[in-house]
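Here is a short briefing on a multi-chain protein model. Keep the sequence and the structure open while reading.

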Number of protein chains: 6
Amino acid sequence: MTKPAISRFPVPEISEMPDDIRTRILAVQEKSGFVPNVFLTLAHRPEEFRAFFAYHDALMDKPGPISKAEREMIVVATSNINQCQYCVVAHGAILRIRAKNPLIADQVAVNYRKADITDRQKAMLDFAMKVSLRAHEVGDADLETLKGHGFTDEDAWDIAAISAFFGMSNRLANVTSMRPNDEFFAMGR
Amino acid sequence: MTKPAISRFPVPEISEMPDDIRTRILAVQEKSGFVPNVFLTLAHRPEEFRAFFAYHDALMDKPGPISKAEREMIVVATSNINQCQYCVVAHGAILRIRAKNPLIADQVAVNYRKADITDRQKAMLDFAMKVSLRAHEVGDADLETLKGHGFTDEDAWDIAAISAFFGMSNRLANVTSMRPNDEFFAMGR
Amino acid sequence: MTKPAISRFPVPEISEMPDDIRTRILAVQEKSGFVPNVFLTLAHRPEEFRAFFAYHDALMDKPGPISKAEREMIVVATSNINQCQYCVVAHGAILRIRAKNPLIADQVAVNYRKADITDRQKAMLDFAMKVSLRAHEVGDADLETLKGHGFTDEDAWDIAAISAFFGMSNRLANVTSMRPNDEFFAMGR
Amino acid sequence: MTKPAISRFPVPEISEMPDDIRTRILAVQEKSGFVPNVFLTLAHRPEEFRAFFAYHDALMDKPGPISKAEREMIVVATSNINQCQYCVVAHGAILRIRAKNPLIADQVAVNYRKADITDRQKAMLDFAMKVSLRAHEVGDADLETLKGHGFTDEDAWDIAAISAFFGMSNRLANVTSMRPNDEFFAMGR
Amino acid sequence: MTKPAISRFPVPEISEMPDDIRTRILAVQEKSGFVPNVFLTLAHRPEEFRAFFAYHDALMDKPGPISKAEREMIVVATSNINQCQYCVVAHGAILRIRAKNPLIADQVAVNYRKADITDRQKAMLDFAMKVSLRAHEVGDADLETLKGHGFTDEDAWDIAAISAFFGMSNRLANVTSMRPNDEFFAMGR
Amino acid sequence: MTKPAISRFPVPEISEMPDDIRTRILAVQEKSGFVPNVFLTLAHRPEEFRAFFAYHDALMDKPGPISKAEREMIVVATSNINQCQYCVVAHGAILRIRAKNPLIADQVAVNYRKADITDRQKAMLDFAMKVSLRAHEVGDADLETLKGHGFTDEDAWDIAAISAFFGMSNRLANVTSMRPNDEFFAMGR
């Protein structure tokens, strides 16, 4: 049986990639034990690959009051609203690991209002959903609501930027038919 | 720590349930090793419990050309569109087991168009989605499309009835805040 | 001229139906003077017929603070949102009779916010519409709003279950092209 | 008991209306036996009254291949999509009378795809619905489809203009809380 | 190069139009320096032309607390929601001129919540948007909100009627493929 | 009078920015005569600024069969669907300049189906809209349609990536309340 395609587009061999991209991919492989397909799919476009991951890292690896697990909650909730299989499965795995909670990813993906998360986290996700679905209606009242849960304006930027960035990723993954690696499905469960 | 609530509504003790309901629940418990919370939640209303499971069994245990795994695909895709955490998690587990495929439930839940399923199964889910989202527009052309994939009119009824029945279940589970049992999350992975 | 079809699917002769189904249908015929087509359409599937009407009766014939006419209001408003001709016409007739009001069914079907009903009834229908259209967003605040109008949690279950059950019926009626009997159109006017 | 209000806005006495408006209203009263509330509601704004009915008459009384009953079908289907109680009830009555068919108005209002109408009439209503819901997407292909059912470009203008005009009426009736006269509910049944 | 078509439908020569229509068109031409294509497009249907402009004038030339520039804001915001190129471009020009502000039309068209307008004007446009998108949900609370910004019930009628009338115009312009005159694009900038 | 705010968030002084960002901004200022506010708004977050513009340049400055003007068409159409004032106004200006056509930006923004563009360009924008609104439904048939207009798979990636990237930008601009510079409104007209 042939292995299912990773992407609708050509996927370069790791050996043929530009040095910086190959280096990053090999580092991920060493750490995770496999290469997530988003790296292989986007490597088809090296310039876009570099910008995508620079943006990703700026948003997701940033220290601050919103924890790394919480950032992944935003990714997972946003990605299910956008029906992006790759992102729900891959970031669901990361969320389980970061939150050390095997149940949380599926809960947050399907309906975060019923998830085992705090009211503050639900308010964070309410805002992320509004950014994804009706950003043109976001206004002062939304930032006030966030403040009532202890989120600063800088936190609001973070939430919005993560939701917006993964809205982009979701669209790219759906158009490229990016396939989640089999490894992600069971990670952290 | 207190255990999280199973339902927004009172949940009867198994010992206090009517005989037929207790018997069914104990049989499920013996087979599965635990009692799925849908049984406990709906037991609050014995008449509705009986009708619900009679309907469920008529649709889901029926022999025919649509396999049991395929029936669960309809449930899982419908339930994620309706953002029903209980149904995606519980029936995702059943789908994994029936299809003997640890990846399929998450694939079908998030975007069945990208799942490792046949074109016939995608056509089945396209129809189920139309029934869930725009049943008033269903017409002869939809049944013709199904026929092109080998589905008879009786199969169309099955698909539609499963999608419609779980559309009801999804709404009930969301209103009752029915909690998926922890056991479901890892089953069949 | 041939009579228009009752259903897209085969309709059994009453004489060929299982005893319990024939008995129920003959009882309805005796009481109403005709057999509503939902009975004939669903008799094509005896198991589903039994479960459907058991569920229907559990929800619609139940005593309680929500009157039978009010239950029919939920059916009529839900069914028009779902563009289900059979259910609006048939339950519109029943609503007119139960409410002894020839105007109320059309008012509630098209826009219950403008109907000659109480604020309590409008709140009941607001909740039923939320269950039909956005059940995943139903939360504590909705039940509090209902309480402000005198509805208990048990009443909320009733409203939600009726809206959800008829959401299922609406989808089945649209897929089967179930035809409302001519008799319903003028009943109770 | 006080009579329910006709409109959220002041309604002038017929005796105090400008001559041309009073004359028109008295003529309608003589013909119909009552004054439809749309005349009384809009008489609050004489200039708008005159323009509204001039437009109405230009569209609805025009001779041509689309019959008067068919024009009312467009009104009824459009008005239910827009949840306008006044227009569904009042024009439902007119449709029953013009089509000499007591069933047709309720059929067309709730789901014209299931109504006892011709394929040509369904194509007409498909186009009217597209004009109401997604006019920005109307293009050459839609007019070609209409031509396949014998409708000329001039007919397409008629259908679109009726759907657009009643889209306006529906919004006005909903904002003014215009009440359908009791007489309309049973007319033509 | 041939000039692009003004309308999908036949456009009469000015010399062949009925006197009253030709007179109005020549007056507009004298004042504006060109004939806006809405006049030429609608002149194909003289009766509808007369009613359309009578209605337009009744709503747009009426004195009152809502200024002429504010009325154009309603037109521009409504027309962009309805994706009507003619109305956004033509009334954008008029708005710039009436408001003596070269930026305001583009701001209001794309997202009035971010425009350089007062809170009162934003409330006016919130209401106009609700009339365009969900008039069936308009109720007392909306008029109370308007009152909090100094708008009377009569003002609410004006706002609603302008939004509803241009909702009709938008649909007509999209169906007729009415082309905005080149002159409008730069006027008032 | 105080100048209106550029952003809801703090905007750094150019003199205080990191060297690379200051250098880029000064280069833009020299070329354009002013600093577009997107640079100042995003400079609040230098890491995100760098990634954003690297991504932007990779997509928008790339040579290939889709011209720079056509890329701006995608931006403008996407941004109006997302109701992003900054992006419609700023990229509308760039589109006018790149296409050397003072009318095209407003035409494409409001309804590209009626714009003075080729059928190939309309197909490109149809696909961009599907990516923005329903990327989860994108499939082989969409790429086939594009091929019928001469677009390769690589072109499809470009269109999708531009639509997805600006979907992100639109959300960021709406959340930050990014203000389009006054200069953009009249550029290229």
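C:Thr41 sits in helix α2 (residues 37-42) of chain C. The model is predicted, and the values below are computed from it. C:Thr41 counts as buried, because its relative accessibility is 0% and buried means under 20%.

**Two buried sites**

- Neighbours within four places in sequence aside, C:Thr41 is in contact with C:Ile6, C:Ser7, C:Thr176 and C:Met178, and with B:Trp157 of another chain.
- B:Phe34 belongs to the loop that runs between α1 (19-32) and α2 (37-42) of chain B.
- B:Phe34 has a relative accessible area of 8%, so B:Phe34 is buried.
- Which residues touch B:Phe34, once neighbours within four places in sequence are left aside? They are B:Val28, B:Gln29, B:Asn181, B:Glu183, B:Phe184 and B:Met187.
- In sequence, B:Phe34 and B:Phe184 are 150 residues apart. In space, their C-alpha atoms are 9.8 Å apart.

**Helices α4 and α5 of chain D**

- Helix α4 of chain D covers residues 68-81, which makes 14 residues. At 1.5 Å a residue they should span 20 Å, and the end C-alpha atoms are indeed 20 Å apart.
- Is α4(D) enclosed or open? Twelve of its 14 residues are buried, so α4(D) is largely enclosed by the rest of the structure.
- The buried residues of α4(D) include charged ones by name, among them D:Glu70, D:Arg71 and D:Glu72. Others on the buried list are D:Met73, D:Ile74, D:Val75 and D:Val76.
- After α4(D) comes D:Gln83, with a positive phi near 55 degrees.
- Helix α5 of chain D (residues 85-99) has 15 residues. From first C-alpha to last it reaches 21 Å, close to the 21 Å expected at 1.5 Å a residue.
- Eleven of the 15 residues of α5(D) are buried, so this helix too is largely enclosed by the rest of the structure.
- Among the buried residues of α5(D) are D:Gln85, D:Tyr86, D:Cys87, D:His91 and D:Arg96.
- D:Lys100, just after α5(D), takes a positive phi of about 50 degrees.

**Positive phi in chain E**

- Most residues other than glycine have a negative phi.
- E:Gln83 is not a glycine, yet its phi is positive, about 55 degrees.
- E:Gln83 lies in the loop between α4 (68-81) and α5 (85-99) of chain E. Its relative accessible area is 15%, so E:Gln83 is buried.
- E:Ser177 is not a glycine either, and has a positive phi of about 55 degrees.
- Where is E:Ser177? The loop between α9 (153-176) and α10 (182-186) of chain E holds this residue.
- E:Ser177 has a relative accessible area of 23%, so it is partly exposed.

**The second largest pocket**

- The volume of the second largest pocket is about 980 Å³.
- Its lining has 33 residues. Closest to the centre are A:Ala5, A:Ser177 and A:Arg179, with B:Lys114 and B:Asp116.
- Elements from three chains give two or more residues to this lining. They are α2 (37-42) and α10 (182-186) of chain A, α7 (119-134) of chain B and α8 (140-148) of chain F.
- Which element gives the most to the lining of the second largest pocket? α8(F) does, with three residues.
- By class, this lining has 14 charged, 13 nonpolar and six polar residues.

**How the chains relate**

- A turn of 180 degrees lays chain A on chain F, with an RMSD of 0.0 Å and a shift of 0.0 Å along the axis. The two copies are therefore related as by a two-fold rotation axis.
- A:Ala51 has the C-alpha nearest the axis in chain A, 2.5 Å from it.
- Why can the copies be said to meet through the same surface? Of the interface residues of chain A, 100% are also interface residues in chain F.
- Chain A and chain D share no contact, and their closest C-alpha atoms lie 19 Å apart.
- No contact joins chain C and chain F either, and their closest C-alpha atoms lie 19 Å apart.

Technical notes: Residues numbered from 1 in each chain as written. Chains lettered and ligands numbered in written order. Predicted model: local features only at pLDDT ≥ 70, side-chain atom pairs only at ≥ 80, totals over all residues. Heavy atoms only, no water. Contact = heavy atoms within 4.5 Å. 1 Å grid on protein atoms, 1.4 Å probe; cavity = no way out; pocket = protein on both sides within 12 Å on 5 of 7 lines; lining within 4 Å. Points joined across faces, edges and corners; volume = space filled by probe spheres on them. Helix = DSSP H or I, 4+ residues; strand = E, 2+ residues; numbered from the N terminus. Least-squares fit on C-alpha atoms with pLDDT ≥ 70 in both. Expected span 1.5 Å × (residues − 1). Buried < 20%, exposed > 50% of the residue type's maximum accessible area, 1.4 Å probe, protein only.
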